[in-house]
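Trainee: I want to learn how to read a model like this one. Can we go through it feature by feature?

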Amino acid sequence: MLRRPAFPLLVFAWAAIVLLPAGAKTKPSLAFASRNDASRPDRVRADRRSDRGYISALAAANRFLQAWQNQDHETGLLMLTDDAKQHSSEERMEAFFSSGADAAYEISRGKKMKGGRYAFPVTLFPFHSDTTKSNRAQRSEIVVVRTGKDEWAIDRLP
């Protein structure tokens, strides 16, 4: 009986060539990973994480909207620039800060503008238990401006 010693080697080589690439895992290239991360809305790009201005402006926008949510007129008014105060009537400010007991808000990813300004898309969810006021979500934009070294103010209301 003749033995074919090359046959088992041939089968093993074929299996290695065909099956190994299917199970191998490769890391994506850096270029691919950065494009992938930039297109995912749940990831914040590294330039925003390291931008202290962005973080401070976002914190100021959050404090202002917390004042809106808590119907804290005084804190909200103190955070406005003089220009924003001049362009808003007292009645409008009163109505704006009457958000309702269970009001909520969302702040979306902002963008840097010229002159130390940042714009953040926001959605306000006022909640009024009476039926005379609307409880519909209101989409808008809030603009935060640097007024000092570590001071930020709201330059445009939602």
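Trainee: Which residues of H4 are buried?

Mentor: This is a predicted model, so keep that in mind throughout. In H4, the buried residues are Gly53, Tyr54, Ala57, Ala60, Ala61, Phe64, Leu65, Ala67 and Trp68. Look down the helix axis next. Those buried residues fall within an arc of 150°, so they line one face of H4.

Trainee: How far apart are the end C-alpha atoms of H4?

Mentor: They are 25 Å apart. At 1.5 Å a residue, the 18 residues should span 26 Å, so the two values agree.

Trainee: Take one residue on that helix. Is Ala60 buried or exposed?

Mentor: Ala60 counts as buried because its relative accessibility is 0%. It sits in H4, which covers residues 52-69. Now check its contacts. Beyond four places in sequence, Ala60 is in contact with Met79, Val144, Trp152 and Ile154. A C-alpha distance gives another view: Ala60 and Val145 are 85 residues apart along the chain, with 9.4 Å between their C-alpha atoms.

Trainee: How do E4 and E5 pair?

Mentor: Strand E4, residues 138-146, pairs with E5 in the antiparallel sense over 4 bridges. The link between E4 and E5 is a hairpin of 5 residues. For one bridge, start at Val144: its partner in E5 is Ile154.

Trainee: Why is E5 described as largely enclosed?

Mentor: Count its buried residues. E5 spans residues 152-156, and 4 of its 5 residues are buried, so the rest of the structure largely encloses it.

Trainee: What about the nonpolar core?

Mentor: Begin with the general idea. In soluble globular proteins, nonpolar side chains tend to be buried together. Here the largest nonpolar core has 25 residues, and Phe64, Phe120, Val144 and Ile154 touch the most other members. Two or more residues come from each of H4, helix H7 (90-96), strand E3 (117-125), E4 and E5. H4 gives the most, with 8 residues.

Trainee: Which residues does Phe120 touch?

Mentor: Leave out residues up to four places away in sequence. Phe120 then touches several residues, among them Tyr54, Ala57, Leu58 and Ala61. Its list also includes Ile107, Ser140, Ile142 and Val144.

Trainee: Where does pLDDT stay under 50?

Mentor: Over residues 25-35. The model has 0 contacts for that stretch beyond four places in sequence. For the chain, the mean pLDDT is 78, and 63% of the residues reach 70 or more.

Definitions and conventions
Residues numbered from 1 in each chain as written. Predicted model: local features only at pLDDT ≥ 70, side-chain atom pairs only at ≥ 80, totals over all residues. Heavy atoms only, no water. Buried < 20%, exposed > 50% of the residue type's maximum accessible area, 1.4 Å probe, protein only. Contact = heavy atoms within 4.5 Å. pLDDT = per-residue confidence, 0-100. Pairing = 2+ DSSP bridges. Core = buried A, V, L, I, M, F, W, Y, C linked by side-chain atoms within 4.5 Å. Expected span 1.5 Å × (residues − 1). Arc of directions from axis to C-beta.
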